[in-house]
Amino acid sequence: MLVAQKEVEAPEQLLERLSQARVRTDEIFSIVNADSLYERPIPERHRIIFYLGHLEAFDWNLLRERVLDMKPFAADLDKLFAFGIDPVNGSLPTDQPADWPSVASTHSYVGRIRESIDAALATLDSSEWNSTRAGTDYSASKLLNVAIEHRLMHAETLAYMLHQLPLERKVRKGRATPTVSPIAPKMIEIPAGRATLGMSSQDGAFGWDNEFEAQTVDVPAFAIDKYKVTNRQYLHFITAGGYENPEFWTEEDWDWRTSHDIRLPVFWIQKNDRWYFRTMFDEIPLSMDWPVYVSHAEASAYTRWANKSLPTEGQWHRAAYGTANNVDRLFPWGDETPDASKGNFDFQSWDPTPVNGFPDGDSAFGVADLLGNGWEWTSSKFEPFPGFQRFSFYPGYSADFFDGKHYVMKGASPRTAACMLRRSFRNWFQPHYQYVYAGFRCVSK
């Protein structure tokens with residue numbers, strides 16, 4: 001299981017990683033029935049057919065001129081499949097299925113790009129892979145890391161999308177087995193200390209632009225939930241009228257909740273007095289000891305009801321990686337490479353697991369389930385670290401979202417690739433997006 005990727009890698013390692021990443025995204029598309037590729041499971045996102053072409057278009061647009069020195073063969077498709085969407089003003093896309101190419105022509109486009117990229121990369125001289133190109137901030141190796149992680153991010157976000165596709169429109173890949181693992185919620189006292197956010201450009205490891213530069217922050221003492229908030233705990237909030245009381249919501253969040261008639265997490269289903277959870281391939285009784293997956297707005301409302309708050313990015317880091325002697329660990333459990341005993345990540349499962357299921361992954365302070373089993377919302381808005389420099393070849397990757405409307409998430413989900421388990425990795429979404437595999441835990445002073 002690969003985790004921290006050095007920018008200086010052997011070409012054969014990079015090409016193998018690209019091949020493995022393609023397998024992952026081919027796998028996620030394989031669960032969609034052939035007659036459903038023009039569906040739009042999430043109203044705020046493109047139709048599925050866009051993503052079928054987007055992954056290769058991204059690689060092609062990134063590498064074609066910068067590394068491969070090749071001419072376009074379908075410039076109209078390169079443009080059509082170039083960019084995803086993330087509307088923050090409530091507007092929704094209005095395109096129709098007829099506005100998109102056929103599945104056959106999209107597959108043809110994808111196949112030709114893969115063949116072209118693979119053939120051209122095979123001819124690159126070894127010296128060209130890791131040397132920074134004149135007048136740029138990138139090497140071929142760095143761009144391949146970007147292509148690989150971008151693809152693996154979509155292997156995860158496509159799972160969010162296809163989770164919302166009706167069950168009959170998917171090809172079953174497994175069946176969820178609810179497990180029972182009784183949990184005793186508790187809070188853990190975290191002593192005051194330092195937390196290291198981000199990474200140094202001197203480390204020689206690959207990271208996205210928002211991960212630089214490293215900074216150390218002082219974190220006052222606080223207490224944090226040992227476990228993520230569970231479905232059982234969140235159900236108490238619902239039955240106590242949490243979705244009916246504006247006192248627990250900001251004005252903007254309350255307007256969103258009422259205008260969209262949000263009354264429960266998007267993964268939950270209520271039938272009479274029974275509760276169910278919609279997994280990727282099934283509808284099963286709600287597993288009370290799984291982490292609840294909710295939007296930032298819903299998580300924040302719960303914390304106000306509980307007279308607590310979401311952790312800051314610094315608090316989360318301190319609880320996850322900190323130690324009593326202020327020497328940060330690489331991972332919550334230590335510096336050992338992640339494996340299946342440490343958490344529910346790296347495509348091990350389509351579904352959550354009980355929040356106390358991986359005690360070998362606990363942090364130095366005893367906080368559990370920090371990597372895997374669901375991202376965790378923080379109260380920190382997504383902002384640049386001091387010394388931030390946007391990627392010249394992908395200037396909008398982070399900077400377009402430094403808008404005060406997106407919040408940092410830390411950790412990982414069951415569908416997060418191992419290479420993104422690094423301590424510095426930052427995820428982010430807007431507060432009213434319910435579809436992420438994201439939960440939370442509470443803090444108090």
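Angles over 145 degrees between helix axes count as roughly antiparallel. Keep that cut-off in mind for this predicted model, starting with helix 1 and helix 2.

**Helix 1 against helix 2**

The axes of helix 1 (residues 11-29) and helix 2 (residues 48-68) cross at roughly 170° and come within 11 Å. That angle is over 145 degrees, so helix 1 and helix 2 are roughly antiparallel to each other. On the helix 1 side, the residues that meet helix 2 are Leu18, Arg22, Thr25 and Phe29. Their partners in helix 2 are Ile48, Tyr51, Leu52, Leu55, Glu56 and Asp59. Sorted by class, this contact has six nonpolar, one polar and three charged residues.

**Helix 1 up close**

How far should the 19 residues of helix 1 span at 1.5 Å a residue? The expected figure is 27 Å, and the end C-alpha atoms are indeed 27 Å apart, so the two agree.

Now for burial. Leu14, Arg17, Leu18, Ala21, Arg22, Thr25, Ile28 and Phe29 are the buried residues of helix 1. They cover an arc of only 145° around the axis, which puts them on the same side of helix 1. The general background is handy here: an α-helix has 3.6 residues a turn, so residues three or four places apart point the same way. Glu12 and Val23, on the other side of helix 1, are exposed. As for what the buried residues pack against, helix 2 has company: helix 4 (103-122), helix 5 (126-130) and helix 6 (140-163) are also partners.

**Helix 2 against helix 6**

Helix 2 also pairs with helix 6, with axes that come within 11 Å and cross at roughly 170°. Helix 2 and helix 6 are therefore roughly antiparallel to each other. Among the residues making this contact are Tyr51, His54, Phe58 and Arg66 of helix 2, along with Leu143, His150, Arg151 and Met161 of helix 6. The class split for this contact is 15 nonpolar, three polar and four charged.

Here are the two pairs together:

| Helix pair | Axes come within | Crossing angle |
|---|---|---|
| Helix 1 and helix 2 | 11 Å | roughly 170° |
| Helix 2 and helix 6 | 11 Å | roughly 170° |

**Proline 352**

Over to a loop. Proline 352 lies between helix 10 (313-321) and strand 8 (375-381). Is proline 352 buried or exposed? It counts as buried because its relative accessibility is 6%, and the cut-off for buried is under 20%.

Leaving aside neighbours within four places in sequence, proline 352 is in contact with Phe277, Trp290, Pro291, Tyr293, Asn344, Asn373 and Pro414. Serine 287 is 65 residues from proline 352 in sequence, yet their C-alpha atoms are 9.3 Å apart in space.

Note on methods:
Residues numbered from 1 in each chain as written. Predicted model: local features only at pLDDT ≥ 70, side-chain atom pairs only at ≥ 80, totals over all residues. Heavy atoms only, no water. Axes fitted to C-alpha atoms, helices over the stretch in contact; angles between N-to-C directions. Helix = DSSP H or I, 4+ residues; strand = E, 2+ residues; numbered from the N terminus. Parallel < 35°, antiparallel > 145°, perpendicular 65-115°, else oblique. Contact = heavy atoms within 4.5 Å. Nonpolar A, V, L, I, M, F, W, Y, C, P; charged D, E, K, R; others polar. Expected span 1.5 Å × (residues − 1). Buried < 20%, exposed > 50% of the residue type's maximum accessible area, 1.4 Å probe, protein only. Arc of directions from axis to C-beta.
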